[in-house]
Amino acid sequence: MTGTLLEIVGLTKAYPGVVANDDVSFSIGEGEVHALLGENGAGKSTLVKMIYGLVKPDRGEMVFQGKVYEPAEPQEARGRGVAMVFQHFSLFDALNVAENVALGMANPPKTGALAEQIRRVSEQYGLPLDPWRLVGDLSAGERQRVEIIRCLLQDPKLLIMDEPTSVLTPQEVEILFATLRKLKAEGTSILYISHKLEEIRALCDEATILRLGKKVGTCTPRDVTAAQMAEMMVGSELHRPEREATTPGEVRLALKDLSVASPSQFGTSLKNITLEVRAGEVLGLAGVAGNGQDELLAALSGEITSAPGMVSLDGVAIGNKGPAERRRRGLLTGPEERLGHAAAPNMTLTENALLTGAEREGLMSSGFLKWGKARDFASVIIERFDVRTPGTETAARALSGGNLQKFVIGREVMQRPEVLVVNQPTWGVDAAAAATIRQAILDLAAGGAAVVVISQDLDELMEVSDNFAALNEGRLSEIKPAKGLSMEEIGLMMGGAHGMEVAHV
Amino acid sequence: MIYLEKRPQPARALSYVTPLLAVLITMVAGGLLFAILGKDPVEAIRTIFWDPVFGEFAFYYRPQLLVKGGPLILIALGLSLGFKAGIWNIGAEGQYIMGAVAGAGVALALYPLEAWWIFPLMVIAGALGGWAWAMIPALLKVKFGTNEILVSLMLVYVAENFLKAMAIGAMKNPEGFGFPGSRNLQQYPSAHNTEIIAGSGMHWGVAAAFIAAIMAYILLNRHLLGFQIRLTGEAPRAARFSGVKPGRLVLFCMGTAGALAGLAGMFEVSGPAGQITTGFNVGYGFTAIIVAFLGRLHPIGIVLAGLLMALTYIGGEAAQSTMQLPAAAIQVFQGMLLFFLLAVDVLTNYRIRITLGEAA
């Protein structure tokens, strides 16, 4: 580390009603891996968007390689040597790897030459990737490699990575880290955004911690514990969910050789999924995004129907029943996508409470809706799950992601399900609220319900699950007791390192 | 620079104001149009909007308001259900024709029998005729995924030709000296859709329109089915998750719209029009689309919008005869109303921001 690459002084950016970044200053040295740490909504994304030229700061300045740096657009940022790998990939499924990379370049070389370049860079950094494969056929980890290689071809001085490991198996994380260390050794600086503390301890030299838009501290991750960093990030001590040991009861939900085709072209079809969940049990299902999680949820909610015997609830075959009938019988679900799937964006919270609660909560009689009762039900959810909203008549889209998540999970939990299936229950929710949601899930199980939690957050799964399995390309791994599972085992259940031999690294 | 910013939630109050704003802008733009045509714009607007209700001959025009507004409201109410759910039935004109043909067919088949049950039977036949015609695009959509916009629209032309075939063929008046057109149902007491209060313009079809408005209001605001219709329009995926069966909803919305359009046609042919003729349909089915949107797809709004649109018809005719305005100018005027409504509609979901210099 010879000198300072990027210096940020007093960056401030306000949006109507919220200050996303308030007077943030820090600097990144050459060849340094710098972590940007904070909860959802702490302002990490806005900050990096300013560095990448996507958002213009209201105040403050940046100095890059000793010169004033005010990128008006990403093109300019790239020109100065700043590259970014986004959390959500911008790739076209129907094009191959080389074509996708060419789309991001100002003057792309001939495809053949570019493919050669891609192959060379991918070998140099240990990121195997076939330039001729169709992106639609790649796993999430491989797609991320496309994005990374696209950045590396620009020979960046600073590489920004936004939550890169959320779509990777533990083995793929190791590969990624090896690549990042190699880059660092060559003098490339990396700005690494994450809220996963152990990763940051393993990889980063320095960390800047943000909370509610303000810089609240810095630390050297290797010298502090994960718990200390968590407290700086959250601002208070974290309450960890507790559970009482229960003995599992009767089988409540059973899937037998469940196979259904995905409704979307690049979706993942489910193949022969067999599992049982008993009363009082929480089954955690891990898996990298896009390995059949959405399809499994839809097959359980009744949005996708199957042969009757493939899904049974308390011994009754319900595979051919629709969502309303399943809900009536006590199988409730919470999809991953909040806006447009779990909730209707332009409708009020009262109306959204009706969306799944109409029948079980007695919010209607012979088809006629009882708005008063619906409003009461919405208020109860808001109160019990601490949903921050002006009232029950607010449109769902006006709520922040975390608050809406609390509402839609709360809506299902409050209906006393016999079986609850949730996909990414705490996605985008702050740590305190996530703890509330996990506690509610555990309480449900303690009360005799069977719960299936589908999540990409392994820490979350290990915290709540009794048993654990992983989805990989639409297939379910063996189900094992969660206690005592090592990261290595979990990673292999998730499919190991997709598309490559681990031994070669 | 000027740009649009999405509101965190839709402005409720504005959604009631925008139709009025659209009417005002239409008046201004229409006035300009009339001025270019060499007419006095103020005079023209007054002839269209003021005279029919408050002018010298208002006693003649006022009942016409109900006669013209009734079918518009009835059809628009049916269409609004589908529109709310994202189901685009554009073929109400055809369903209107088929309802009229079916209703008149029952009467003509029974002529000259006199019985109390003939008119109720015609009502049922009219509703069924429109319903059946709407079921064609509905079933094709549900079974084969065809586009209901195209199918329903094209069926209008089939219905028009069917109407002509009836007027000069099977339904032609045997005592009509060879002229095209059926017997006049106004002269067949058991089949005549009379005015409930003489001279008011209030015939049974108008009563049906008001009853339908109340039912639609209850359906949309108090019943699960209405909630599902709105939910499907707002978020189809959430609707499926909630348990809505999309196919059934298509059949219900298209069927209801068809039945109401058929009723409107049947009340028209047995009342104000009196007979099946080659030019029986005058575009109510298409104008009702404007009425539905002008009325915010809301039952009460549709009643008001239907009356307003009837006013432009009546006032337009008056302006044609007294000011020699071309008929096409009136149609342009009605089209402008929808155009401006959709334009100002943007304001309920977005607000206009004007900034100096570069936008962030």
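## A helix crossing in chain A, then chain B

The crossing of H11(A) and H13(A) is right-handed. Keep in mind throughout that this model is predicted.

**Stop 1: the two helices.** Select residues 349–357 of chain A for helix H11. Add residues 401–413 of chain A for helix H13. Look along the two axes: they come within 10 Å and cross at roughly 40°. That angle makes H11(A) oblique to H13(A). Two packed helices are described by the angle between their axes and the distance between the axes.

**Stop 2: the contact.** Show side chains next. On the H11(A) side, pick A:Leu349, A:Asn352, A:Ala353, A:Leu355 and A:Thr356. They meet A:Phe407, A:Arg411 and A:Glu412 of H13(A). What mix of nonpolar, polar and charged residues makes up this contact of H11(A) with H13(A)? The residues divide into 4 nonpolar, 2 polar and 2 charged.

**Stop 3: chain B as a whole.** Now select chain B and switch to cartoon. Its secondary structure comes to 14 helices and 2 strands. The radius of gyration of chain B is 22 Å, close to the 21 Å from the globule rule for 360 residues, so chain B is as compact as a globular protein of that length. Turn the chain along its principal axes: the C-alpha atoms fill a box of roughly 80 × 55 × 35 Å.

**Stop 4: inside chain B.** Color chain B by burial. Of its 360 residues, 52% are buried. Then display contacts between residues at least 6 apart in sequence. In chain B, 77% of these join residues at least 24 apart.

Note on methods: Residues are numbered from 1 along each chain as its sequence is written. Chains are lettered from A and ligands numbered from 1 in the order in which they are written. This is a predicted model: local features need pLDDT of at least 70, side-chain atom pairs count only at pLDDT 80 or more; totals for chains, interfaces and linings use all residues. Side-chain values use heavy atoms; hydrogens and water are left out. Axes are lines fitted to C-alpha atoms, for helices over the stretch in contact, and angles run from 0 to 180 degrees between N-to-C directions. Helices (H or I, at least four residues) and strands (E, at least two) are DSSP runs, numbered from the N terminus. Angles under 35 degrees count as roughly parallel, over 145 as roughly antiparallel, 65 to 115 as roughly perpendicular and the rest as oblique. A crossing is left-handed if the near helix is turned anticlockwise from the far one by less than a right angle, and right-handed if clockwise. Contact means heavy atoms within 4.5 Å. Ala, Val, Leu, Ile, Met, Phe, Trp, Tyr, Cys and Pro count as nonpolar, Asp, Glu, Lys and Arg as charged, and the others, Gly among them, as polar. The radius of gyration is taken over C-alpha atoms; the globule rule is 2.2 Å times the number of residues to the power 0.38. Buried means under 20% relative accessible area, exposed over 50%, partly exposed in between (1.4 Å probe, protein chains only).
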